[in-house]
Amino acid sequence: RLEIIELSSYTELEKIEIAKRHLVPKQIKENGLKNSQLKIDDDMISYLIRYYTRESGVRQLERTIATVCRKSVLAILKAKKRSIKVTKKLIHEWLGNEKFEYGKRETKDQVGTVTGLAYTAFGGDVLQIEVNHFEGKGKLVITGQLGDVMKESVQIAISLVKIYYPDETKVLEDHDLHIHIPAGAIPKDGPSAGITLVTALASLVKDKAVPTEYAMTGEVSLRGYVLPIGGLTEKLMAAQRAGIEKVLMPEENVEDLEDVPEEVKEKLTIVPVKRIRDVLDLLIGK
(Lines give C-alpha, C1' and ligand atoms only; values in the text may rest on other atoms or scores of the structure.)
Protein backbone atom coordinates (compact mmCIF):
# COMPACT_ATOMS: atom_id res chain seq x y z
CA ARG A 1 0.00 0.00 0.00
CA LEU A 2 1.07 3.56 -0.66
CA GLU A 3 0.24 6.55 1.49
CA ILE A 4 0.50 10.11 0.19
CA ILE A 5 2.30 12.34 2.67
CA GLU A 6 1.94 16.07 2.04
CA LEU A 7 4.79 18.23 3.31
CA SER A 8 4.37 21.98 3.60
CA SER A 9 7.03 24.26 2.16
CA TYR A 10 9.72 25.83 4.33
CA THR A 11 8.77 29.19 5.77
CA GLU A 12 11.03 32.16 5.08
CA LEU A 13 12.38 32.10 8.65
CA GLU A 14 13.21 28.40 8.29
CA LYS A 15 15.01 29.06 5.00
CA ILE A 16 17.09 31.80 6.61
CA GLU A 17 18.17 29.43 9.39
CA ILE A 18 18.97 26.64 6.91
CA ALA A 19 21.05 29.06 4.85
CA LYS A 20 22.94 30.40 7.89
CA ARG A 21 23.67 27.02 9.43
CA HIS A 22 24.25 24.86 6.36
CA LEU A 23 24.13 26.42 2.88
CA VAL A 24 26.41 29.44 3.38
CA PRO A 25 29.15 27.51 5.29
CA LYS A 26 29.00 24.70 2.72
CA GLN A 27 29.35 27.02 -0.29
CA ILE A 28 32.09 29.07 1.40
CA LYS A 29 34.11 25.87 1.85
CA GLU A 30 33.40 24.49 -1.64
CA ASN A 31 34.45 27.75 -3.29
CA GLY A 32 37.77 27.99 -1.46
CA LEU A 33 36.83 30.87 0.81
CA LYS A 34 37.38 31.32 4.53
CA ASN A 35 34.50 32.23 6.84
CA SER A 36 36.09 35.63 7.48
CA GLN A 37 36.22 36.45 3.75
CA LEU A 38 32.47 36.51 3.08
CA LYS A 39 29.98 38.39 5.25
CA ILE A 40 26.29 37.95 4.46
CA ASP A 41 23.74 38.95 7.11
CA ASP A 42 20.14 37.79 7.61
CA ASP A 43 18.67 40.72 5.66
CA MET A 44 20.67 39.83 2.56
CA ILE A 45 19.76 36.13 2.83
CA SER A 46 16.10 37.16 3.16
CA TYR A 47 16.52 39.42 0.10
CA LEU A 48 17.88 36.49 -1.94
CA ILE A 49 14.99 34.28 -0.81
CA ARG A 50 12.30 36.83 -1.65
CA TYR A 51 13.52 38.24 -4.94
CA TYR A 52 15.82 35.63 -6.52
CA THR A 53 14.13 32.33 -5.65
CA ARG A 54 10.58 31.00 -5.65
CA GLU A 55 10.43 27.43 -4.40
CA SER A 56 9.12 25.28 -1.59
CA GLY A 57 12.59 23.93 -0.75
CA VAL A 58 16.07 25.48 -0.83
CA ARG A 59 17.77 24.08 -3.94
CA GLN A 60 17.58 27.29 -5.93
CA LEU A 61 18.64 29.23 -2.85
CA GLU A 62 21.77 27.08 -2.54
CA ARG A 63 22.61 27.63 -6.22
CA THR A 64 22.11 31.38 -5.76
CA ILE A 65 24.39 31.43 -2.70
CA ALA A 66 26.96 29.43 -4.68
CA THR A 67 26.91 32.11 -7.39
CA VAL A 68 27.41 34.83 -4.77
CA CYS A 69 30.39 32.92 -3.36
CA ARG A 70 32.01 32.51 -6.79
CA LYS A 71 31.53 36.20 -7.56
CA SER A 72 33.03 37.03 -4.16
CA VAL A 73 36.16 35.00 -4.93
CA LEU A 74 36.62 36.94 -8.17
CA ALA A 75 35.99 40.29 -6.47
CA ILE A 76 38.53 39.50 -3.71
CA LEU A 77 41.20 38.54 -6.25
CA LYS A 78 40.56 41.51 -8.54
CA ALA A 79 40.31 44.18 -5.85
CA LYS A 80 42.81 42.44 -3.53
CA LYS A 81 40.41 42.76 -0.62
CA ARG A 82 40.55 40.75 2.57
CA SER A 83 36.79 40.21 2.69
CA ILE A 84 33.50 41.01 0.95
CA LYS A 85 30.31 42.18 2.64
CA VAL A 86 27.30 41.29 0.51
CA THR A 87 24.98 44.25 -0.19
CA LYS A 88 21.95 44.81 -2.43
CA LYS A 89 24.17 46.74 -4.84
CA LEU A 90 26.55 43.78 -5.18
CA ILE A 91 23.64 41.34 -5.55
CA HIS A 92 22.20 43.41 -8.40
CA GLU A 93 25.64 43.56 -10.02
CA TRP A 94 26.26 39.81 -9.71
CA LEU A 95 22.78 38.35 -10.19
CA GLY A 96 21.03 41.03 -12.25
CA ASN A 97 17.68 42.63 -11.48
CA GLU A 98 15.19 41.03 -9.12
CA LYS A 99 13.65 37.94 -10.72
CA PHE A 100 10.52 37.55 -8.60
CA GLU A 101 8.12 39.90 -6.89
CA TYR A 102 5.98 39.14 -3.87
CA GLY A 103 2.66 40.82 -3.29
CA LYS A 104 2.86 44.16 -1.52
CA ARG A 105 0.41 46.22 0.47
CA GLU A 106 -1.62 48.72 -1.54
CA THR A 107 -0.60 52.32 -0.95
CA LYS A 108 -4.08 53.83 -1.30
CA ASP A 109 -7.53 52.83 -0.01
CA GLN A 110 -9.81 52.02 -2.95
CA VAL A 111 -13.48 51.11 -3.19
CA GLY A 112 -13.95 47.48 -4.26
CA THR A 113 -10.34 46.44 -3.59
CA VAL A 114 -9.51 44.25 -0.57
CA THR A 115 -6.34 42.36 0.38
CA GLY A 116 -6.63 38.62 0.90
CA LEU A 117 -4.02 36.08 1.97
CA ALA A 118 -3.16 33.04 -0.12
CA TYR A 119 -1.22 29.82 0.47
CA THR A 120 0.75 28.57 -2.52
CA ALA A 121 3.29 25.81 -3.16
CA PHE A 122 6.00 28.44 -2.52
CA GLY A 123 4.57 29.68 0.79
CA GLY A 124 2.20 32.51 1.62
CA ASP A 125 1.41 35.58 -0.44
CA VAL A 126 -0.97 38.54 -0.44
CA LEU A 127 -3.71 38.65 -3.03
CA GLN A 128 -5.63 41.73 -4.16
CA ILE A 129 -9.28 41.11 -4.99
CA GLU A 130 -10.82 43.74 -7.25
CA VAL A 131 -14.51 44.17 -8.09
CA ASN A 132 -16.31 46.75 -10.21
CA HIS A 133 -19.62 47.18 -12.02
CA PHE A 134 -20.72 49.01 -15.12
CA GLU A 135 -23.89 49.38 -17.18
CA GLY A 136 -25.03 46.09 -18.67
CA LYS A 137 -27.58 43.31 -18.27
CA GLY A 138 -26.70 41.86 -14.88
CA LYS A 139 -23.99 39.50 -16.10
CA LEU A 140 -21.12 38.21 -13.96
CA VAL A 141 -17.59 38.37 -15.36
CA ILE A 142 -14.80 36.53 -13.50
CA THR A 143 -11.14 36.80 -14.53
CA GLY A 144 -7.81 35.75 -13.01
CA GLN A 145 -7.79 31.97 -13.69
CA LEU A 146 -10.08 30.97 -10.83
CA GLY A 147 -10.71 27.28 -10.12
CA ASP A 148 -14.13 25.72 -9.52
CA VAL A 149 -13.99 26.01 -5.72
CA MET A 150 -13.10 29.70 -5.90
CA LYS A 151 -15.89 30.33 -8.41
CA GLU A 152 -18.32 28.78 -5.93
CA SER A 153 -16.96 31.16 -3.27
CA VAL A 154 -17.78 34.04 -5.64
CA GLN A 155 -21.40 32.86 -5.95
CA ILE A 156 -21.75 32.53 -2.15
CA ALA A 157 -20.23 36.00 -1.67
CA ILE A 158 -22.68 37.57 -4.12
CA SER A 159 -25.62 35.88 -2.38
CA LEU A 160 -24.51 37.09 1.06
CA VAL A 161 -24.03 40.68 -0.10
CA LYS A 162 -27.52 40.65 -1.65
CA ILE A 163 -28.91 39.42 1.67
CA TYR A 164 -27.07 42.01 3.78
CA TYR A 165 -27.52 44.96 1.40
CA PRO A 166 -30.78 44.37 -0.55
CA ASP A 167 -31.29 48.03 -1.49
CA GLU A 168 -27.71 48.73 -2.56
CA THR A 169 -27.43 45.54 -4.68
CA LYS A 170 -30.46 46.42 -6.83
CA VAL A 171 -27.97 48.28 -9.02
CA LEU A 172 -26.61 44.88 -10.14
CA GLU A 173 -29.87 44.14 -11.96
CA ASP A 174 -28.95 46.48 -14.81
CA HIS A 175 -25.17 46.48 -14.30
CA ASP A 176 -22.58 43.82 -15.12
CA LEU A 177 -20.37 42.76 -12.21
CA HIS A 178 -16.66 42.12 -12.87
CA ILE A 179 -14.47 40.29 -10.33
CA HIS A 180 -10.72 40.07 -10.97
CA ILE A 181 -7.90 38.52 -8.96
CA PRO A 182 -4.37 39.37 -10.15
CA ALA A 183 -1.98 38.00 -11.27
CA GLY A 184 -3.99 36.76 -14.20
CA ALA A 185 -1.38 34.24 -15.40
CA ILE A 186 -1.36 32.27 -12.13
CA PRO A 187 -4.15 29.70 -11.51
CA LYS A 188 -5.96 30.15 -8.17
CA ASP A 189 -8.33 27.92 -6.25
CA GLY A 190 -9.60 27.14 -2.77
CA PRO A 191 -12.30 28.54 -0.49
CA SER A 192 -10.21 30.76 1.81
CA ALA A 193 -10.86 33.95 -0.18
CA GLY A 194 -14.54 33.86 0.87
CA ILE A 195 -14.49 36.72 3.39
CA THR A 196 -12.27 38.80 1.12
CA LEU A 197 -14.76 38.45 -1.75
CA VAL A 198 -17.72 39.38 0.47
CA THR A 199 -15.89 42.42 1.86
CA ALA A 200 -14.81 43.61 -1.60
CA LEU A 201 -18.39 43.34 -2.92
CA ALA A 202 -19.78 45.12 0.16
CA SER A 203 -17.19 47.86 -0.31
CA LEU A 204 -18.37 48.29 -3.91
CA VAL A 205 -22.12 48.46 -3.29
CA LYS A 206 -21.72 50.67 -0.19
CA ASP A 207 -19.11 52.84 -1.97
CA LYS A 208 -16.77 52.66 1.01
CA ALA A 209 -13.05 51.91 0.77
CA VAL A 210 -11.51 49.28 3.06
CA PRO A 211 -8.27 50.45 4.76
CA THR A 212 -5.16 48.91 3.22
CA GLU A 213 -3.79 48.12 6.69
CA TYR A 214 -6.19 45.14 6.78
CA ALA A 215 -5.82 41.72 5.17
CA MET A 216 -8.01 38.67 5.69
CA THR A 217 -8.47 34.96 5.11
CA GLY A 218 -11.36 32.61 5.75
CA GLU A 219 -13.94 30.46 4.04
CA VAL A 220 -17.52 31.69 4.35
CA SER A 221 -20.72 29.66 4.51
CA LEU A 222 -24.09 30.62 3.04
CA ARG A 223 -25.31 31.23 6.61
CA GLY A 224 -22.55 33.81 7.08
CA TYR A 225 -20.17 31.83 9.27
CA VAL A 226 -16.40 32.19 8.80
CA LEU A 227 -14.94 28.69 8.50
CA PRO A 228 -11.35 27.52 9.23
CA ILE A 229 -8.59 27.51 6.61
CA GLY A 230 -5.14 25.99 6.12
CA GLY A 231 -1.69 27.50 5.76
CA LEU A 232 -2.21 30.07 8.51
CA THR A 233 1.49 30.37 9.42
CA GLU A 234 2.55 31.04 5.82
CA LYS A 235 -0.30 33.52 5.30
CA LEU A 236 0.54 35.55 8.40
CA MET A 237 4.22 35.64 7.42
CA ALA A 238 3.20 36.94 3.99
CA ALA A 239 1.07 39.64 5.62
CA GLN A 240 3.91 40.74 7.88
CA ARG A 241 6.35 40.77 4.94
CA ALA A 242 3.97 42.90 2.85
CA GLY A 243 3.60 45.55 5.57
CA ILE A 244 0.06 44.60 6.62
CA GLU A 245 -0.80 45.70 10.17
CA LYS A 246 -4.06 43.90 10.94
CA VAL A 247 -5.26 40.45 9.89
CA LEU A 248 -8.78 39.02 10.18
CA MET A 249 -8.84 35.22 10.48
CA PRO A 250 -11.36 32.50 11.44
CA GLU A 251 -11.98 32.10 15.16
CA GLU A 252 -11.66 28.33 14.72
CA ASN A 253 -8.02 28.76 13.69
CA VAL A 254 -6.96 30.43 16.95
CA GLU A 255 -5.25 27.25 18.20
CA ASP A 256 -3.06 27.26 15.06
CA LEU A 257 -1.49 30.53 16.22
CA GLU A 258 0.75 28.43 18.49
CA ASP A 259 2.68 27.38 15.38
CA VAL A 260 3.25 30.96 14.19
CA PRO A 261 6.67 32.44 15.08
CA GLU A 262 6.53 35.04 17.85
CA GLU A 263 8.40 37.62 15.74
CA VAL A 264 5.56 37.46 13.21
CA LYS A 265 2.74 37.71 15.77
CA GLU A 266 4.43 40.65 17.49
CA LYS A 267 4.22 42.74 14.32
CA LEU A 268 0.56 41.96 13.54
CA THR A 269 -2.75 42.71 15.18
CA ILE A 270 -4.66 39.45 14.69
CA VAL A 271 -8.46 39.63 14.93
CA PRO A 272 -10.37 36.30 15.09
CA VAL A 273 -13.88 36.50 13.60
CA LYS A 274 -16.80 34.07 13.76
CA ARG A 275 -19.31 35.59 11.35
CA ILE A 276 -18.90 37.61 8.16
CA ARG A 277 -21.25 40.17 9.71
CA ASP A 278 -18.49 40.97 12.25
CA VAL A 279 -16.10 41.71 9.38
CA LEU A 280 -18.58 43.96 7.58
CA ASP A 281 -19.52 45.82 10.77
CA LEU A 282 -15.84 46.52 11.39
CA LEU A 283 -14.78 47.56 7.90
CA ILE A 284 -17.93 48.73 6.09
CA GLY A 285 -20.09 49.94 8.97
CA LYS A 286 -23.13 48.63 10.85
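Start by selecting α2, residues 42-52, which with four residues gives the most to the lining of the second largest pocket. Before going on, note that this is a predicted model, where local features need pLDDT of at least 70, side-chain atom pairs count only at pLDDT 80 or more, and totals for chains, interfaces and linings use all residues. Residues are numbered from 1 along each chain as its sequence is written, and side-chain values use heavy atoms, with hydrogens and water left out.

A few words on terms. Helices (H or I, at least four residues) and strands (E, at least two) are DSSP runs, numbered from the N terminus. A pocket is an open set of points on a 1 Å grid over the protein atoms alone, where a 1.4 Å probe fits, with protein on both sides within 12 Å along at least five of seven lines; lining residues have an atom within 4 Å of a point.

**Stop one: the second largest pocket**

Keep α2 on screen and add α1 (12-30), α7 (232-242) and α8 (262-265): each of these four helices supplies at least two lining residues. Now pick out E12, L13, I16, R50 and Q240, which lie nearest the pocket's centre among its 13 lining residues. That lining splits into seven charged, four nonpolar and two polar residues. Here Ala, Val, Leu, Ile, Met, Phe, Trp, Tyr, Cys and Pro count as nonpolar, Asp, Glu, Lys and Arg as charged, and the others, Gly among them, as polar. The volume is about 240 Å³, meaning the space filled by probe spheres set on the points, with grid points joined across faces, edges and corners.

**Stop two: the largest pocket**

The largest pocket has a volume of about 730 Å³. Select A118, T120, D125, V126 and L127 to find the residues closest to its centre, out of 34 that line it. Then show β3 (113-120) and β4 (123-135), the elements that give two or more residues to this lining. β4 gives the most, with six. By type, the lining holds 17 nonpolar, nine polar and eight charged residues.

**Stop three: two loops**

Most residues other than glycine have a negative phi. Go to the loop between α3 (59-79) and β2 (84-85) and click K80: its phi is positive, about 55°, although it is not a glycine. K80 counts as exposed (over 50% relative accessible area, 1.4 Å probe, protein chains only), at 76% relative accessibility.

Last, jump to D207, in the loop between α6 (194-206) and β7 (214-216). D207 is not a glycine either, yet has a positive phi of about 55°. Buried or exposed? D207 counts as exposed, at 59% relative accessibility.

Definitions and conventions:
Buried means under 20% relative accessible area, exposed over 50%, partly exposed in between (1.4 Å probe, protein chains only).
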